[in-house]
Amino acid sequence: MLIKRKSFISLFLIFLISFLAFSCQNTENSPPVPGVITHFTDVTSNTMVMHWTRASDADTFTPYLEYKVLASNNNNIDTLDNALANGQVITYDDPETEEFEAIQWHRDIDSLFLSYYGFADGQTYYFTVIVRDAAWRQSAYPMASQKTIDITPPVIGGEITIVNEEEATLGLEWPAATDNGTDQDKLEYKVVSSSQDTTINTVTGAENYGSLIQDWKTIEDGQFPVIAKSPNTETEYFNVLVRDSNTDVANISVYVAVSRKPIPGGLGKVEVSEITENSCTLTWEPATDFKTTQENLRYQVTLNGLDEPILSWVANRLTVDISNLNSDFSYSFSVIVKDEDGYEETYDAAQVLTLSGAEE
């Protein structure tokens with residue numbers, strides 16, 4: 001009986017030692033248990049603060065666990081291996097030193113200010129947190145995402161076109177705009193008109209002084225093309241504003257105004273060159289028209305105070321040489337363009353001061 005009892009005690013001790021050894025070995029090989037990313041605060045166009053719950057570990061005291069934040073433009077950091085392979089580490093500078101230090105690991109924290117060169121406004125980014133214990137065993141938090149604030153206005157898609165022209169109405173259509181943070185089918189458009197193109201060729205002017213034709217709607221939700229009342233006995237200009245889905249910031253762009261009238265090229269500027277005592281040369285960019293081709297647009301040049309034009313309605317003419325001027329004298333010239341429907345528009349006045357004559 002004594003021998004059997006000793007054998008039992010020996011076997012029990014061996015089992016206990018093996019169990020403890022296995023338990024210790026299992027604990028040493030276990031990485032920390034990650035928490036979760038809870039929320040983001042103070043989100044701007046290129047920064048934010050991310051918050052998470054602390055991890056836990058069987059061997060390492062919780063305040064001694066270290067954390068590293070990784071970011072990605074894509075949904076590809078959902079596991080530890082993927083995070084280490086695809087994630088961009090977000091570093092920070094040690095506030096206790098004056099030297100620049102790209103520190104990656106942070107001890108005993110549950111939030112971090114995120115800012116790095118890869119952030120752009122209106123974009124969605126993906127994040128994870130890597131936690132490691134004193135033995136550098138690592139675990140990854142479940143991935144989370146956050147979109148930065150969009151502060152960039154949409155990019156207009158091209159030119160407005162007049163279609164379905166009738167005697168008292170016309171249709172307006174335009175290529176869809178694009179935006180860095182809003183899907184194309186979610187962009188909204190507003191259509192306005194004015195008797196002067198300069199009134200509605202900016203966002204502020206179009207919003208404040210344009211007569212409303214169609215209020216903010218997507219192309220799919222509104223009538224397209226947009227039909228506008230426009231008797232052909234009157235001249236009206238039309239423009240389109242486009243905005244993205246960020247209602248906190250006025251991300252609005254404006255197209256280029258269009259009308260039945262031809263639109264002078266080069267923003268209406270007339271260049272003056274080859275100025276002498278009695279001559280000069282005027283040059284201008286070709287105008288555009290929704291119906292008349294540039295080759296068939298006609299131009300006239302007049303001199304202020306002179307009844308007869310210097311150049312009388314010549315098609316596709318973009319320069320004129322002027323002579324028989326007085327020396328040391330100021331002149332004002334006008335370039336007018338006319339389309340095949342008889343609509344006219346005037347370029348900006350060109351001011352010329354001829355050179356002084358030779359002294360006798």
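Reader: How do the residues of the lining of the second largest pocket divide into nonpolar, polar and charged?
Author: This is a predicted model. In it, the second largest pocket has a volume of about 320 Å³. The residues of its lining divide into 8 nonpolar, 4 polar and 3 charged.

Reader: Which elements give two or more residues to the lining of the second largest pocket?
Author: The lining of this pocket counts 15 residues. Nearest the centre lie E159, I160, V258, I263 and T288. The elements that supply two or more residues are β10 (161-163) and β17 (258-259).

Reader: What is the volume of space in the largest pocket, and which residues are closest to its centre?
Author: The space in the largest pocket comes to about 490 Å³. Its lining has 21 residues, and the closest to the centre are D197, T198, I263, P264 and L267.

Reader: Which elements give two or more residues to the lining of the largest pocket?
Author: By class, this lining holds 10 nonpolar, 7 polar and 4 charged residues. Two or more residues each come from β15 (237-243) and β24 (344-346).

Reader: Which residues line the largest cavity?
Author: The count is 1 cavity of 30 Å³ or more. About 30 Å³ of space lies in the largest cavity. By class, its lining has 5 nonpolar, 4 polar and 1 charged residues. They are W174, Y189, Q214, K217, T218, I219, G222, Q223, F224 and V226.

Reader: How many aromatic pairs does the structure hold, and what is the geometry of F40 and F127?
Author: The total is 11 aromatic pairs. In the pair of F40 and F127, the centres are 5.5 Å apart and the planes meet at 50°. That angle makes the pair tilted.

Reader: Which parts does the pair of F40 and F127 tie together, and how many residues apart are they in sequence?
Author: F40 sits in strand β1 (residues 37-41). F127 sits in strand β7 (residues 124-132). The pair therefore ties together β1 and β7, and the parts it joins are 87 residues apart.

Reader: Is F40 buried or exposed, and what of F127?
Author: Buried means under 20% relative accessible area. F40 meets that cut-off, and so does F127. Both residues are buried.

Reader: Why is the pair of Y67 and Y141 edge-to-face?
Author: The ring centres of Y67 and Y141 are 6.5 Å apart. Planes over 60 degrees apart count as edge-to-face. The planes here stand at 70°, so the pair is edge-to-face.

Reader: Where in the chain do Y67 and Y141 lie, and how many residues apart are they?
Author: Y67 belongs to strand β3 (residues 66-72). Y141 belongs to the loop between β8 (138-140) and β9 (144-147). Y67 is buried, and Y141 is buried too. The pair links distant parts of the chain, 74 residues apart.

Reader: Which residues do ring pairs link into a cluster?
Author: F40 and F127 are both buried. Ring pairs link these two into a cluster with further rings. The members are F40, F119, Y125 and F127.

Reader: Why is β7 described as largely enclosed by the rest of the structure?
Author: The strand has 9 residues. It is largely enclosed because the buried ones number 7 of the 9.

Reader: How many bridges join β3 to β7, and which residue is the bridge partner of Y67?
Author: β3 and β7 run antiparallel and are joined by 7 bridges. Y67 takes part in this pairing, and its bridge partner in β7 is V131.

Reader: Which residue of β8 is the bridge partner of V131?
Author: β7 also pairs with β8 in the antiparallel sense, over 3 bridges. There the partner of V131 is S139.

Reader: Which residue in β9 stands opposite F127?
Author: β7 and β9 pair over 4 bridges, in the antiparallel sense. F127 of this pairing stands opposite A144.

Reader: Which residue takes a positive phi in the hairpin of β7 and β8, and which residue lies over the face of its ring?
Author: The hairpin has 5 residues between the strands. Within it, W136 takes a positive phi near 65°. Over the face of W136, at 4.2 Å from the ring centre, lies R132.

Reader: Which residue lies over the face of W313?
Author: The distance to the ring centre is 4.2 Å. The residue over that face is K338.

Reader: How far apart in space are T283 and L318?
Author: T283 is in strand β19 (residues 280-284). T283 is partly exposed, with a relative accessible area of 32%. T283 and L318 are 35 residues apart in sequence. C-alpha to C-alpha, the distance is 5.8 Å.

Terms used:
Residues numbered from 1 in each chain as written. Predicted model: local features only at pLDDT ≥ 70, side-chain atom pairs only at ≥ 80, totals over all residues. Heavy atoms only, no water. Phe/Tyr/Trp six-rings, centres within 6.5 Å; stacked < 30°, edge-to-face > 60°. Buried < 20%, exposed > 50% of the residue type's maximum accessible area, 1.4 Å probe, protein only. Lys NZ or Arg CZ within 6 Å of the ring centre and 35° of its normal. 1 Å grid on protein atoms, 1.4 Å probe; cavity = no way out; pocket = protein on both sides within 12 Å on 5 of 7 lines; lining within 4 Å. Points joined across faces, edges and corners; volume = space filled by probe spheres on them. Nonpolar A, V, L, I, M, F, W, Y, C, P; charged D, E, K, R; others polar. Pairing = 2+ DSSP bridges.
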